[in-house]
Amino acid sequence: MQSATQPSKDQPDRTTQDCSWQGQDCWRLLVTDFGDGLPFLQVWQRWRQDAHAPRLLHYVAFSQQVPHAAHLQQAAHTDPLLAPLVEILTQNWFGFLDGFHRFVLDQGRVHLTLCVGDSMALMRQQAFKADAIELCHLPVDAEALNTLKGIRRCCRRGTALTLQTRGIALSEVWLNALHATGFGSINGQMGSVKAVITAYEPEWLLSRDDEQAQSARTPPTRCAVLGAGLAGASVAAALARRGWQVTVLEREPKPASGASGLPVGLLVAHVSSDDCTLSQLSRAGVRLTFNEAQCLLQPGQDWAHTGVLEHRFDARATTPANWSTQGAAWCEPVLTGASTQANDPGNHTLLHRPAGWLKPAALVNAWLAQDGIALKTNTAVHAVRRGEFSWQLLDASGDILCEAEHVVLANALDAAGLLQRLAKEDDSIKLPVSLVPQTRGLRGLLSWATHTADDLTEWPSQAMNGKGSATGHVPTRSGAAWFVGASYQEATQPERSDRDNHLRNLDKLRVLNPALADTMLRALEAGRLQSWKGMRCATDDHLPLVGPVAGSAQAGLWLCVGMGSRGMSLSMLCAELLASHIGAEPLPIPVKLAKSLSATRNKASVVQTKAAGVDP
């Protein structure tokens, strides 16, 4: 039986390369072909067996066509030790549309980023410098130079490059291309070896951007996170898994006291016919949150994978025209009750498969319970001040509550006030703060009641949304309950009464499911209807604000707010994105999508500063 620590006759010997990762806190490996998945499984197993392996392993791989789960299992037959890894990996092995797919494994210490589609196009969407790169198949000579130029984008000085030659000597064209693109000598390796190893050691000076990227990684140190909701708790968990010492400061007596205290919400991806930015982001986020729920929460109590029926009343339930068959694993149109006729312009329904209900507070508490995180409740931060070597968080009296090299503002609407006060005292922060888009508050009321013996059979086991949402059979301390809502109202408007909001939720439910509306009306008339109220933090473009505020990553001031009603879908994705920025790691999403979430993307301010003669 072939051992996982030894290469098969068709696989290269990576032992020398793996030794290079010893003593490092993070190792970033880029592989140009995921293949049948066996090389990844073998690297993962060697990482597990190496007592001196890096704390964090990033494996970024490209694939034109992702292998089926059964093919992964077949590949793992080379070694029985790989079978448990396949079982872990394939729990969310679905829906590989073109783009990035991030898997967080082994308590958050192994990250697989699978990039599906055209390799060169996807290479341009990377924003990290690899420690090692493996070119699995040598293109023809005519493509040698362009291939190496593409790979060079992800190289720092010293990046190891392995070329799988399959025992065929490199041509003169390849040798010249290696030299022209800055890769070092391969003397003595031109025999019948299966792999040639060189390194990126250009004879010329690197550009300023490349030099900055070379030293961009911030080693784990102290970080203060403001806010103990979904945004703050997910950031704290992502950093703690990377070895950071994280202090979370929450002004309320307990975590998840704001919008994240919602009793239950739907974990479901957004779908649009043009596959807009929000749709792509929510899919990436749902995959990550599903993994977190499976690892940390109790099924049936904290969350349930029920699927979600999305009813669309103003348009056909269409998915993007360019979706491959992999899209059906995410959702597909179905015919239900009111839409059994193909020409019915009314109700059209999408069945979301990786979807269900989830209790946000349970996920928040699970994240905050992880090692490396200290929680301080009843701690209101009045101001942030830049110290000589760290940031200082102050209370209303000006006393220091906490000091840390990095600060993440994940405290929803309160973040804007802290930034404005900081900008008044620190001239260097005025311009970047002016580039942060404004956030606004959205009030919401969720209507709910415990099930009666009469309505238990009326409520379907599957959650639904479209005009609002409706979820039944959710366990609570009072018994199984159903939830409807939530309402929307701008915080700048006079707050509506609870009854008004209940009636608005009822109106939406009448459209979504008339039979369930009768159940809700009976509960309202009987005085059994209860409510939960909260304030969402949203942006005008409906996208979160994630990234550095104070000019650069090295400055150590970060923002992670503005998720609106999609905190469950987007919080872990935003946390991984922010942690990747801090650590100069591979991003969980393409650069183009990451830029759409930039914390300093306020174009209006850019225009104003240019008009005033200021270079933004």
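In what order do the seven strands of the open sheet stand, and is the pairing mixed or not?

1. The order in this predicted model is β3-β4-β2-β1-β5-β6-β7, and the seven strands form an open sheet whose pairing is mixed. The strands β3 (99-105) and β7 (195-199) stand at the edges, and because each has a single partner strand, one side of each is left without a neighbour in the sheet. From one strand to the next, the twist averages 15°.

2. Within this sheet, the pairing of β5 with β6 can be followed down to residues. Strand β5 (residues 130-135) and strand β6 (residues 155-164) run parallel and are joined by five bridges; one of the bridge partnerships to inspect is that of Ala130, whose partner in β6 is Cys155.

3. Two helices that lie across strands of the sheet deserve attention. Helix α2 (residues 38-49) lies across β1 (26-31), β2 (56-63), β3 and β4 (110-116), and its direction is at about 175° to β2. Since angles over 145 degrees count as roughly antiparallel, α2 may therefore be described as roughly antiparallel to β2. Helix α6 (residues 144-152), for its part, lies across β5 and β6 and runs at about 135° to β6.

4. A further point concerns the packing of helix α10 (residues 277-296) with helix α16 (residues 567-583), whose axes are 7 Å apart and meet at an angle of about 85°; the two helices are therefore roughly perpendicular to each other. On the α10 side the contact is made by Leu278, Leu281, Ser282, Ala284, Gly285, Val286, Leu288, Thr289 and Glu292, and on the α16 side by Met568, Ser569, Leu570, Met572, Leu573 and Glu576. By character, the residues of this contact divide into nine nonpolar, four polar and two charged.

5. On the cysteines, a search of the whole structure finds zero disulfides. The accessibility of two of these residues can be stated: Cys26 counts as buried because its relative accessibility is 3%, whereas Cys276, with a relative accessible area of 24%, is partly exposed.

6. For the protein as a whole, there are 18 helices and 28 strands, and buried residues make up 55% of the 616 residues. Of the contacts between residues at least 6 apart in sequence, 74% join residues at least 24 apart.

Key
Residues are numbered from 1 along each chain as its sequence is written. This is a predicted model: local features need pLDDT of at least 70, side-chain atom pairs count only at pLDDT 80 or more; totals for chains, interfaces and linings use all residues. Side-chain values use heavy atoms; hydrogens and water are left out. Axes are lines fitted to C-alpha atoms, for helices over the stretch in contact, and angles run from 0 to 180 degrees between N-to-C directions. Helices (H or I, at least four residues) and strands (E, at least two) are DSSP runs, numbered from the N terminus. Angles under 35 degrees count as roughly parallel, over 145 as roughly antiparallel, 65 to 115 as roughly perpendicular and the rest as oblique. Contact means heavy atoms within 4.5 Å. Ala, Val, Leu, Ile, Met, Phe, Trp, Tyr, Cys and Pro count as nonpolar, Asp, Glu, Lys and Arg as charged, and the others, Gly among them, as polar. A disulfide is a pair of cysteine sulfur atoms within 2.5 Å. Buried means under 20% relative accessible area, exposed over 50%, partly exposed in between (1.4 Å probe, protein chains only). Two strands pair if DSSP finds at least two bridges between them.
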